[in-house]
Protein chains: 2
Amino acid sequence: MRARIAVLASGGGSNLQAILDHFDRLGDARAGDVVLVASDRADAGALNRAVGRGLPAVVLQAAARPGGAPLDALLHDHRIDLVVLAGYLRLVPAEVVARFRGRMVNVHPALLPAFGGAGMYGQRVHHAVLEAGVRVTGVTAHFVDEVYDRGRIIAQWPVPVFPRDDAGTLAARVLRVEHILYPRVVAAVAAGRATLDNCALIDPRVPVDARPAFTLLAHEESRLAENIDLALGC
Amino acid sequence: MRARIAVLASGGGSNLQAILDHFDRLGDARAGDVVLVASDRADAGALNRAVGRGLPAVVLQAAARPGGAPLDALLHDHRIDLVVLAGYLRLVPAEVVARFRGRMVNVHPALLPAFGGAGMYGQRVHHAVLEAGVRVTGVTAHFVDEVYDRGRIIAQWPVPVFPRDDAGTLAARVLRVEHILYPRVVAAVAAGRATLDNCALIDPRVPVDARPAFTLLAHEESRLAENIDLALGC
């Protein structure tokens with residue numbers, strides 16, 4: 001039985017697309033199917049992508065707007081196992097978060113706990129990163145709990161900040177990593193390989209040569225030194 | 001004229017050693033010389049290393065201990081141009097910080113602004129990193145200003161956190177990167193390549209193949225995807 005996945009998005013839906021593409025590539029090996037796309041915005045590009053794939057695309061109920069579907073009932077009616085937030089800017093109601101404990105994930109365009117919390121979304125994150133003058137930012141995929149951006153971290157990946165970056169160039173570089181990392185995290189959660197109790201996904205037992213590029217190994221120290229020399233303009 | 005460098009350390013002085021070794025390797029190309037080592041602790045291993053090199057090794061004055069040298073006079077007498085904090089656990093007096101504005105650097109065993117601030121030093125940093133469940137930590141070299149761990153960042157490098165890490169294994173992995181990164185930052189500051197106004201050291205114009213290992217380039221996306229697949233145990 002493959003997990004039934006709902007993707008919630010407020011924007012263009014590029015992470016939704018990355019997930020759909022990755023699951024297409026996995027084919028029968030995939031552990032879940034996206035069966036529902038919902039948005040708080042009627043004009044979200046994510047809804048168009050869903051319609052183009054023949055997927056149910058639903059506009060969610062909002063206090064300010066009559067009509068629309070209430071999220072909890074929608075997830076129930078579609079028998080959703082896993083909720084994937086993909087650039088979803090509205091707070092998910094506490095009762096839905098509680099019901100999907102360990103079955104709701106989010107992606108954040110920075111290395112949480114840095115540059116997270118209320119008000120830290122979209123370009124604001126990258127502006128804050130640039131303002132702080134950090135040289136390393138990244139992507140965080142995490143379980144969603146009651147506190148904004150504070151759920152258990154599933155995976156993180158670093159992304160460098162360059163001197164001439166503005167929020168746009170930095171956002172683009174981070175987004176490319178999101179599109180690679182997040183679909184794989186969703187697949188791992190759908191397959192039960194990452195759970196709230198065991199979300200330690202980076203495994204040091206993987207073959208040495210295949211470890212993440214940022215891992216420092218003894219025989220790589222000279223290469224790291226060379227890279228730092230070049231980065232520092234030595 | 002090469003910069004006259006003082007290294008302040010409270011502990012064993014492994015970063016001091018890394019700086020001395022790096023400057024030895026640079027030979028006549030080095031932009032500075034370590035001419036003074038000082039510590040707040042009479043039993044600091046860093047002092048022994050200094051003595052072994054024939055360098056002045058000085059125990060600093062402390063309120064709780066009669067005698068010892070006051071830091072500001074010491075730096076003045078030795079005509080110090082650049083102050084390098086290397087595991088120095090005491091707060092540097094504000095007047096010294098002010099006098100060495102843009103000429104005092106520190107290294108922190110995490111990616112500031114995360115896991116920095118008062119009380120965050122040594123193993124406490126790594127305990128906090130593990131407690132937070134982050135997957136990426138790192139090293140930060142920064143200029144020292146009036147606020148703890150908040151001076152302008154010169155360079156950062158990411159280090160992965162593994163599932164079975166404890167504070168000891170993590171500290172060792174981070175320290176290896178410190179020993180590679182920090183001497184190069186000190187050399188860059190001594191040479192005037194990194195200043196308060198221009199400490200944007202990672203330069204995107206370096207040749208593509210020589211960029212830092214964590215940089216994501218178009219033709220590397222497939223390699224990154226493979227690494228993430230392996231890291232996630234796919």
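Here is a short tour of this predicted model, with something to select at each stop.

**Stop 1: chain A as a whole**

Start by showing chain A on its own as a cartoon. You should be able to pick out seven helices and seven strands. Follow the chain along its sequence and the pattern reads β-α-β-α-β-α-β-α-β-α-β-β-α-α. Chain A has 234 residues, and 54% of them count as buried. Now switch on a surface: chain A exposes about 9800 Å², with carbon and sulfur atoms supplying 52% of that area. For a feel of how the chain folds back on itself, consider the contacts in chain A with a separation of 6 or more: 64% of them involve residues 24 or more positions apart.

**Stop 2: A:Ala3 and who touches it**

Next, select A:Ala3, which sits in strand E1 (residues 3-8) of chain A. Is A:Ala3 buried or exposed? A:Ala3 is buried, with a relative accessible area of 12%, and the cut-off for buried is under 20%. Leave out the neighbours within four places in sequence and show what A:Ala3 contacts: you'll get A:Ala31, A:Gly32, A:Asp33, A:Asp81 and A:Ala190. Then try a distance label from A:Ala3 to A:Pro109. These two are 106 residues apart along the chain, and their C-alpha atoms are separated by 26 Å.

**Stop 3: A:Ile180 in helix H6**

Move on to A:Ile180, in helix H6 (residues 167-190) of chain A. A:Ile180 is buried too, at a relative accessible area of 7%. Add A:Ile19 to the selection. Along the chain, A:Ile180 and A:Ile19 are 161 residues apart, yet 8.9 Å separates their C-alpha atoms.

**Stop 4: helix H2 of chain B**

Now bring in chain B and select residues 45-52, helix H2. Which residues of this helix are buried? They are B:Ala46, B:Leu47 and B:Ala50. Turn the view until you look down the axis of H2(B): the buried residues fall within an arc of 100°, so they line one face of the helix. The helical repeat helps here: an α-helix has 3.6 residues a turn, so residues three or four places apart point the same way.

What does the buried side pack against? Select helix H1 (14-26), strand E2 (32-39) and strand E3 (57-59) of chain B, and you have the partners of those buried residues. Spin round to the face turned away from the buried side, where you'll find the exposed residues B:Asn48, B:Val51 and B:Gly52. Before leaving, step just past the end of H2(B) to B:Gly54, which takes a positive phi of about 75°.

**Stop 5: the loop between E5 and H5, in both chains**

A bit of background for this stop: most residues other than glycine have a negative phi, and most peptide bonds are trans. Keep that in mind as you select A:Leu112 and A:Pro113. The peptide bond joining A:Leu112 and A:Pro113 is cis, with omega at about 10°. A:Pro113 lies in the loop between strand E5 (104-108) and helix H5 (123-132) of chain A. Go to chain B and select B:Leu112 and B:Pro113: the bond from one to the other is cis, with omega near 10°. Here B:Pro113 lies in the loop between strand E5 (104-108) and helix H5 (123-132) of chain B.

Now select A:Phe115, which lies in the loop between E5 and H5 of chain A. Its phi is positive, near 55°, in a residue other than glycine. A:Phe115 is buried, with a relative accessible area of 15%. In chain B, B:Phe115 is found in the loop between E5 and H5. Phi of B:Phe115 is positive as well, near 60°, and B:Phe115 counts as buried at 15% relative accessibility.

**Stop 6: the cavity**

For the last stop, show both chains together. Rolling a probe the size of a water molecule over the atoms shows where empty space is left. How many cavities of 30 Å³ or more does a search of the whole structure find? It finds one, and the largest cavity holds about 120 Å³ of space. Of the 18 residues lining the largest cavity, select the closest to its centre: A:Leu111, A:Ala114, B:Leu111, B:Ala114 and B:Val136. Strand E6 (136-143) of chain A and strand E6 (136-143) of chain B are the elements that give two or more residues to the lining. Colour the lining by class to finish: 14 nonpolar residues, four polar and no charged ones.

Terms used: Residues are numbered from 1 along each chain as its sequence is written. Chains are lettered from A and ligands numbered from 1 in the order in which they are written. This is a predicted model: local features need pLDDT of at least 70, side-chain atom pairs count only at pLDDT 80 or more; totals for chains, interfaces and linings use all residues. Side-chain values use heavy atoms; hydrogens and water are left out. Buried means under 20% relative accessible area, exposed over 50%, partly exposed in between (1.4 Å probe, protein chains only). Helices (H or I, at least four residues) and strands (E, at least two) are DSSP runs, numbered from the N terminus. The arc is that of the directions from the helix axis to the C-beta atoms. Contact means heavy atoms within 4.5 Å. On a 1 Å grid over the protein atoms alone, a cavity is a set of points where a 1.4 Å probe fits but cannot get out, and a pocket is an open set with protein on both sides within 12 Å along at least five of seven lines; lining residues have an atom within 4 Å of a point. Grid points are joined across faces, edges and corners, and a volume is the space filled by probe spheres set on the points. Ala, Val, Leu, Ile, Met, Phe, Trp, Tyr, Cys and Pro count as nonpolar, Asp, Glu, Lys and Arg as charged, and the others, Gly among them, as polar. Accessible areas come from the Shrake-Rupley method with a 1.4 Å probe; for residues, only the protein chains shown count as cover.
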